[in-house]
Structures are given as structure tokens and as C-alpha cells.
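Here are a few friendly notes to read alongside the model. Please keep the structure open while you go through them.

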Amino acid sequence: MNQKESPSLGRVEVRLAGSGGQGLLLAGLVLAEAAGLHDGREVAMVQSYGPEARGGASKAEVIISDAAIDYPLCSRVDLFLALTQEAADAYSWDLKPGAWTLVDSDLVKHPPTSRALRLPFTAVAREKLKKPMVANVVALGALAEVTGVVSRRGLEKALLARVPPGTEPLNKKALSLGARMAREYLGQDASQPQPEAHSEDI
Amino acid sequence: MARPRARLLQGNEAISLGALAAGCNFFAGYPITPASEITEIMSRELPALGHPFIQMEDEIASLGACIGASLAGKKAMTATSGPGFSLMQENLGYAAIAEVPLVLVNVMRGGPSTGLPTNVAQGDVQQARWGTHGDHPAIVLCPATVGQCFELTVMAFNWAERFRTPVILLGDEVVAHMREKVALPAPEEVEVIERRQPTVPPDWYVPYKTDGSLIPRLASLGQGYRYHVTGLVHDERGFPTRRPDEVEPFYARLFGKISRHFSDLELVRAFELDDAEVVFIAYGCTARAAQAAVRIGREKGLKLGMLQLLSLWPFPRRPVEEALTGRRMALVPELNMGQISREVKRVNNGRTQVLRHGKMDGNMITPDELLNRLREVK
């Protein structure tokens with residue numbers, strides 16, 4: 001895949017939601033740096049969290065755009081990732097119809113839409129990589145593969161620049177595992193929304 | 001010149017980098033959400049450059065330490081949020097009357113009291129103007145983007161030094177925690193202004209006697225110049241006075257040194273204003289929603305425009321008057337119950353219809369909300 005010239009996107013609103021400690025702020029940061037610094041898009045990222053140090057609902061919102069970004073928050077979400085049921089319930093009320101929705105299939109039993117891609121991010125991180133903490137990276141890999149809002153190469157560069165030294169091989173593996181999961185899932189179920197199906201006509 | 005590499009920076013990071021670029025070499029503070037990152041960054045950066053960083057016991061002492069450091073010639077900054085800002089009000093007045101340059105960053109969160117520590121609000125706008133008692137001039141700047149966080153922090157230092165006065169940078173939780181792609185200027189491209197020092201020998205020195213500028217040349221303590229610093233109204237020598245013929249000129253000079261420069265201090269940014277029938281007057285994070293509403297509204301054929309206020313105090317009266325003239329309506333969105341719309345109404349003087357759009361639920365105003373409001377009031 002050639003990522004030199006990034007395809008036109010318009011304005012894409014991404015929301016990554018889960019529980020404090022699942023690494024969603026880091027995932028948002030990596031996504032924003034990948035799209036902004038490596039793919040050359042305009043980006044804005046905001047985070048939201050409660051007063052508690054751990055747990056509680058946590059979310060990161062990343063706007064990726066070809067034009068300068070005025071409103072830095074999501075108002076109609078194009079791409080939603082939920083890693084807990086609580087987050088899926090709390091933060092899905094403003095999804096754009098037809099939005100890409102990815103959920104952790106073990107932790108989100110009732111996704112906000114029947115068209116959600118259900119993938120076992122945390123279980124795969126735990127079983128295949130022995131590190132449940134990289135579930136966020138597995139999810140990023142899947143998200144990039146499904147949506148194309150960020151280039152895989154940019155994502156990898158941004159990720160490796162952010163993770164602690166020594167964990168690069170693990171994180172790289174987690175990213176490609178996520179991408180493979182998504183490819184396989186889409187391959188076996190053609191009824192899932194494809195990147196082309198997403199349009200601005202809503 | 002090579003364009004500096006873009007980085008993804010948080011508003012609070014940009015404020016810290018702006019302070020360092022402007023020559024900040026002293027920080028005393030007490031961490032508080034949503035301003036903690038500034039304290040954290042300064043605690044790392046200043047000692048590495050050989051400058052002091054002090055974590056104080058509270059916010060009263062934080063501003064006190066900054067006043068002392070500034071009198072000794074340092075370019076001092078502190079950063080806080082609502083509850084800490086309330087504690088700093090007493091020393092803020094001291095800095096104003098003793099004419100001590102310093103920069104106070106207040107990142108607004110929901111209040112009063114502990115309020116909503118992790119949520120956004122814009123409730124400290126009038127506090128930034130009138131929070132300390134007694135009538136006094138105030139300079140308050142308000143960024144809406146990460147880039148503006150950097151630029152306005154540099155400006156805050158420059159104006160503090162130039163006018164010998166405390167300057168407040170009034171951020172909000174969204175702008176402070178938001179990350180955006182920015183390319184900051186190289187250090188040598190940043191204009192830095194330093195306070196003037198006395199040129200007369202110590203024996204001839206009269207600290208508060210000024211030339212035509214109305215701005216005193218206060219010597220950095222420790223340079224051999226002796227003078228008295230007090231929170232009492234003082235004469236040219238710095239000693240307390242109650243004589244009307246000294247008190248009156250004192251206040252006249254305190255206000256005059258700022259008010260004669262009003263036209264330099266009125267910072268605004270116009271967006272699609274030329275042919276606008278309806279104008280948003282907005283500041284801080286709310287300006288982002290207003291600008292998006294203008295963009296979306298214009299796509300639908302509505303003639304909308306926005307005036308963003310970058311300086312809140314002195315209130316940018318002239319640009320606001322111009323923005324109001326000839327419009328059908330002005331809407332002032334803000335995360336309080338009308339602290340700036342009140343000022344807009346004050347200067348409006350019957351020019352146009354001014355409506356406030358206050359919101360206090362801990363969240364941003366959305367562009368949709370503004371467009372819906374326009375539909376209702378049409």
C-alpha cells in the first residue's frame with residue numbers, strides 16, 4: 001500500500017472510549033500524532049475523564065481533517081471504539097448513522113449498533129501476546145485497517161515513538177495482530193460496513 | 001528560514017514553552033487540575049536551565065513568592081485554577097499597587113469552590129477583572145488554540161514587563177488540555193521585552209518618579225538601589241501617603257500607564273465578519289464552537305461571522321463596537337451566565353440586538369446548539 005499521498009478525508013471525528021487504565025488516552029495520542037505528524041493531516045485531540053485516578057469512564061476524541069479544525073470536539077462521531085459496556089452505553093448517543101463502530105466482543109455484550117465490528121481485542125492481547133495491556137494497540141491496528149483514516153505506516157511510527165523503550169517489538173506485533181484480526185473478520189462477513197460505504201450524505 | 005517541525009502539543013505545554021521562550025526564570029506554584037501540567041513541566045525545565053522552581057504550600061504563598069522573585073529581577077510565573085485563583089486575589093492586588101510584573105495563568109474549570117474540577121467553564125472572567133478589591137487596571141488575555149496559548153503567554157510576559165503590572169492568562173480546561181498540531185517559532189524569532197532599569201546613580205534614585213511613560217523604573221533588588229515596597233498607597237519615594245495631592249496622581253498614573261495604550265491592548269480576530277448579518281462575539285474554547293457554527297451556517301447560506309476576543313481586559317471596546325455596527329443581531333456564547341455578554345451590551349449602546357447564550361453544564365457549547373439558537377430567535 002502506498003501511503004505517500006494520503007487520500008482526501010474531509011473531517012473525521014474519532015472517539016475512543018473505555019475505562020481509565022485501558023490506555024485510550026495513549027491510543028488517542030498515537031492516532032493524533034500518526035495522522036497529524038506522519039500523514040500530514042490537521043488534528044485536534046481532547047480527553048475527558050472523571051476525578052478518580054483509576055477506573056471511571058474515560059475517553060479520547062480525535063478530529064482528523066484535511067482543513068484547519070475549528071470545533072475540536074466530536075459532535076457527530078464517524079468512528080467509535082468502545083472497550084467497556086459502560087463506555088459503549090455512555091458515549092454512543094451522538095454516532096453518525098453508518099458510523100464505523102468497533103467494540104471489544106468480550107467486554108461489550110450489547111454494542112450500540114448491530115453493525116458494530118465485534119473483535120476480541122483484550123482476549124487476543126492476553127492470549128497471543130500475554131499482555132492484556134496492549135489491547136489498546138491491537139484495537140488501533142484493527143481500527144486503521146478497517147477505516148483507513150490513518151496510514152498503517154504512520155501509526156507504527158507514532159506508536160514506536162510513544163511506547164516505553166524495549167516494548168517496541170511487542171507493540172509492533174500487537175498492531176499487526178489487530179490489523180490481521182480486522183482483515184479476517186471483514187473477509188468472513190461481507191455485510192459489514194466497508195470504508196467506501198462511509199459517506200458524507202447523512 | 002527552515003520551517004520548524006510541527007509537533008502535537010497540549011495547551012498547557014504551549015503555555016509552558018511560551019513562558020520559557022519569553023524568558024521566564026522563576027516559577028512558584030501549587031498543582032491543580034486542569035493547570036497541573038504547567039507546574040509539572042516548569043518543575044522539570046527550569047531547574048535544568050539553572051533557574052528556581054518552588055512548589056509552595058498553597059496558592060497564597062505561590063503568588064507571594066512570585067512577587068518577591070520579580071522584585072529581585074526575575075521573570076516570574078504561577079499557574080492555577082479556580083480555587084487557587086481565589087486564594088491569589090489578595091496578592092494580585094499587592095502586585096497591582098506595587099507595580100510588580102508577573103504572569104498568572106488561571107485555567108478555568110467549573111466553580112465556585114471545588115466545583116467541577118475536570119470540566120470546562122468560563123466563570124472567572126469577571127473575577128479576573130475585579131477579583132481583588134479596590135479599583136485597579138487589569139490585563140487579561142484569553143487563548144482559543146494551542147498556538148495562541150504560546151503566543152499570548154509570550155505577550156503576557158512582554159506586557160507585564162513593559163507596563164510593570166501583573167498580567168493574567170485566562171485559559172480554560174478544553175484549550176489547556178486540547179492537543180493540536182503546531183509549529184512553534186524558533187527562540188530567536190520570539191520578541192522579548194525586558195523591564196527598564198534605572199540609569200541614575202543610587203543616590204539620586206526616586207523609585208516611583210516616572211518620565212513621560214508613567215511607568216516607574218523599579219530597580220531589581222540587590223543592585224544597590226534602596227526603595228520601599230508597600231501595599232499602601234505611596235508617594236514617589238515609595239512611602240505611605242494619605243495626602244490627596246499625592247494619592248490622586250498615584251491612581252491617575254496607575255490607570256494611565258495602561259489606559260493610554262488601550263489601542264495596543266485590544267486584541268481580536270475577525271472571522272467572516274465583512275458581510276455578516278449575525279455576529280458571534282466569543283472567546284476561549286467557545287470561539288471554536290462559534291467559528292464552526294459560522295462555517296456550517298455559511299454552507300447553508302446564512303451570513304454569519306465571528307469576532308474572537310483575545311484580550312478580555314481591558315475590554316476591547318472599539319473592535320466590539322465596530323463588529324456590532326450594522327448587524328442584525330449579536331450572540332455571545334459563553335460557559336457562564338453572561339459575564340462578557342454584559343460587557344458587549346454595555347458598549348452596544350443601541351446599535352444592535354445583543355443576546356447572551358450561557359451554558360453551565362460542564363460541557364462545551366456545540367456549533368449545532370448555536371445554530372439552533374439562531375433559528376429560535378430569528
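**Notes on the two chains**

1. Strand β2(A) and strand β9 (residues 179–182) of chain B are joined by two bridges and run antiparallel. Two strands count as paired if DSSP finds at least two bridges between them. Across this pairing, A:Ala44 has B:Glu180 as its bridge partner in β9(B). Helices (H or I, at least four residues) and strands (E, at least two) are DSSP runs, numbered from the N terminus.

2. A word on the source: this is a predicted model, in which local features need pLDDT of at least 70 and side-chain atom pairs count only at pLDDT 80 or more, while totals for chains, interfaces and linings use all residues. Residues are numbered from 1 along each chain as its sequence is written, and chains are lettered from A and ligands numbered from 1 in the order in which they are written.

3. On the other side of the chain boundary, β9(B) is also joined to β1(B), by four bridges, and these two strands run antiparallel. Here B:Glu180 of β9(B) is the bridge partner of B:Leu9.

4. Now follow the sheet as a whole. It is open, has eight strands with mixed pairing, and its order is β6(A)-β5(A)-β4(A)-β1(A)-β3(A)-β2(A)-β9(B)-β1(B). At the edges are β6 (117–119) of chain A and β1 (7–10) of chain B, each pairing on one side only. From one strand to the next, the twist averages 20°. Helix α4 (residues 135–147) of chain A packs on the sheet, where it touches β4 (77–82), β5 (95–104) and β6 of chain A, and its direction makes about 145° with that of β5(A). Axes are lines fitted to C-alpha atoms, for helices over the stretch in contact, and angles run from 0 to 180 degrees between N-to-C directions.

5. How many residues of each chain are in contact? There are 18 in chain A and 19 in chain B, where contact means that C-beta atoms, placed from the backbone, lie within 7 Å. On the chain A side, α1 (24–38) and β2 (42–49) are the elements that give two or more residues. The largest share, seven residues, comes from β2(A).

6. Finally, look at helix α12 (residues 341–348) of chain B, whose buried residues are B:Ser341, B:Glu343 and B:Val344. Buried means that 20 or more other C-beta atoms lie within 10 Å of a residue's own, with C-beta atoms placed from the backbone. Just after α12(B), B:Asn349 takes a positive phi of about 55°.

Methods: Two residues are in contact if their C-beta atoms, placed from the backbone, lie within 7 Å. A residue is buried if 20 or more other C-beta atoms lie within 10 Å of its own, exposed if 12 or fewer, and partly exposed in between; C-beta atoms are placed from the backbone.
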